[in-house]
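Here is a walk through one protein chain, strand by strand and helix by helix. Have the structure open while you read.

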Amino acid sequence: MYEKIVLVTRKTRLAELVERFNTRSQARFYLEHAGQDFEDYAREDDTYRRSLDVLHKHLALGLPVQQVDRALVPTFLFTGKELVVTVGQDGLVANVAKYVGSQPLVGINPDPSRFDGVLLPFGVDTARVAVRHVLEERARFREVTLAEVVLSDGQRLLGFNDLFLGARTHVSARYTLHYERRAESQSSSGIIVSTGAGSTGWLSSVFTFARGLTEATGGEPGEPWRLAWEDPRLAFVVREPFISRHSTASMVGGFVSEQQELQVESRMPSGGVIFSDGVEEDFLAFNAGTTARVRPAAQRARLVVH
């Protein structure tokens with residue numbers, strides 16, 4: 001069934017600095033000159049390298065192991081016959097899951113003292129058992145709902161945690177929002193569409209802001225939205241909507257489902273973007289004349305769990 005194991009890695013902070021400044025000593029000079037602790041960067045890098053060495057030994061299970069850097073994942077050809085293992089922070093799981101289709105994804109925490117590991121249920125020492133369970137068809141999974149946006153020209157983007165629709169810079173995003181058979185011209189800081197997995201992330205910051213402001217002005221704050229990873233719905237919120245002669249704000253949040261999608265028409269002559277999971281470099285242009293339709297994706301991420 002599986003032809004190989006794909007081990008997805010990411011550069012450490014120190015590796016990125018060495019890439020930028022050419023040598024480790026120059027990276028050290030830069031950090032120390034900026035008043036930062038070089039040794040913390042070095043410990044993180046050493047721990048990650050040791051974890052990778054151990055993982056390669058543990059994953060010697062009779063299948064080829066191909067190591068792929070995160071930056072190459074968007075262009076990597078997944079055929080459906082790979083067992084995917086990620087080793088890094090939680091965000092690496094989110095960045096990889098939307099590209100691998102229905103293949104099982106095993107999240108490995110290389111440094112539990114440093115990373116929370118909400119999406120990383122396995123450590124380096126339990127990775128071999130987790131992968132073996134998948135190969136023997138004895139693994140347990142959680143199927144995570146993904147967000148999907150499809151543009152009027154056919155371009156498509158998936159989000160594991162969330163999608164952002166808005167302007168590339170801090171200027172206001174102008175668009176027409178269509179929801180529940182209503183249409184409204186809006187001007188805002190953009191729209192966040194969150195999955196259940198992302199509802200404790202960026203989405204929660206909007207509720208934190210609203211709650212604090214409401215309490216400060218003597219109001220009664222509502223409860224934040226929390227969705228299970230498997231919840232078939234998405235939640236959307238409009239950030240900082242502005243009311244003017246040309247824009248209103250009666251629709252600032254709601255739930256998106258198969259039966260009730262969200263449609264957004266861009267009114268931005270330039271600088272409009274849509275990106276997912278905080279990766280601004282991998283975006284779709286969202287300028288005037290483009291319509292985005294947002295809904296839960298048919299594809300789901302399959303995370304291996306204990």
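Let's start in the middle of a sheet: β11 and β12 run antiparallel and are joined by four bridges. Across that pairing, I192 has V237 in β12 as its bridge partner. Before going further, bear in mind that this is a predicted model.

β11 has a partner on its other flank too. With β8 the pairing is again antiparallel, over four bridges, and here F164 is the residue standing opposite I192 in β11. Which residues of β11 point the same way as each other? I191 and V193 go to one side, I192 and S194 to the other, and every one of these four is buried.

Now zoom out to the whole sheet. It is open and has six strands in the order β13-β12-β11-β8-β15-β16, paired in antiparallel fashion. The edges are β13 (253-256) and β16 (283-285), each of which pairs on one side only. Ignoring direction, neighbouring strands are turned by 20° against each other on average. Over at the β16 end, three bridges join β15 (residues 272-276) to its antiparallel partner β16, with I274 standing opposite L284.

**What packs together**

Nonpolar side chains in soluble globular proteins tend to be buried together. In this model, the largest nonpolar core has 26 residues, and I191 and L262 have the most contacts inside it. Strands that supply at least two residues each include β6 (140-151), β8 (162-167), β14 (262-266) and β17 (291-305). The top contributor is β9, which gives four residues. As for L262, what does it touch beyond four places away in sequence? Its contacts there are L177, H178, Y179, I191, V193, F236, V256, A292, R293 and V294. So there is a second core to look for as well? Yes in this model: a separate one of 25 residues, with V84, V100, L119 and A301 among them.**Helices**

Helix α3 covers residues 38-58. At 1.5 Å a residue, its 21 residues should span 30 Å, and the end C-alpha atoms are 30 Å apart, so expectation and model agree. At the start of this helix, a side-chain oxygen of D37 comes to within 3.1 Å of the backbone nitrogen of E39. The buried residues of α3 are a mixed bunch to browse: F38, Y41, A42, E44, D45, T47, Y48, S51, L52 and L55.

α4 (90-97) is mostly covered, with seven of its eight residues buried. Those seven are D90, L92, V93, A94, N95, V96 and A97. What covers the buried residues of α4? The cover includes β1 (4-9), β3 (82-87), β4 and β17.

Follow the chain out of α4 and you reach Q103, in the loop between α4 and β4 (104-109). The Q103 side chain makes a polar contact of 2.9 Å with the side chain of E82. Leaving aside neighbours within four places in sequence, Q103 is in contact with F78, T79, G80, K81, E82, V84 and R302.

**Two positive phi values**

Most residues other than glycine have a negative phi. N22 goes the other way, with a positive phi of about 80° although it is not a glycine. You'll find N22 in the loop between α1 (13-21) and α2 (24-33). D277 is another non-glycine residue with a positive value, near 55°, and D277 sits in the loop between β15 and β16.

Are these two loop residues buried or exposed? The cut-offs are under 20% relative accessible area for buried and over 50% for exposed. The table gives their values, along with those of Q103 and of H33, which is in helix α2.

| Residue | Relative accessibility | Class |
|---|---|---|
| N22 | 63% | exposed |
| H33 | 66% | exposed |
| Q103 | 6% | buried |
| D277 | 12% | buried |

N22 therefore counts as exposed at 63%, whereas D277 counts as buried at 12%.

One last distance, for a sense of scale. H33 and F164 are 131 residues apart in sequence, and their C-alpha atoms are 36 Å apart in space. F164 is the residue we met opposite I192 in β11, while H33 belongs to helix α2.

Terms used. Residues numbered from 1 in each chain as written. Predicted model: local features only at pLDDT ≥ 70, side-chain atom pairs only at ≥ 80, totals over all residues. Heavy atoms only, no water. Expected span 1.5 Å × (residues − 1). Buried < 20%, exposed > 50% of the residue type's maximum accessible area, 1.4 Å probe, protein only. Polar contact = N/O pair within 3.5 Å; in protein donor to acceptor, adjacent residues only side chain to side chain. Core = buried A, V, L, I, M, F, W, Y, C linked by side-chain atoms within 4.5 Å. Contact = heavy atoms within 4.5 Å. Pairing = 2+ DSSP bridges. Axes fitted to C-alpha atoms, helices over the stretch in contact; angles between N-to-C directions.
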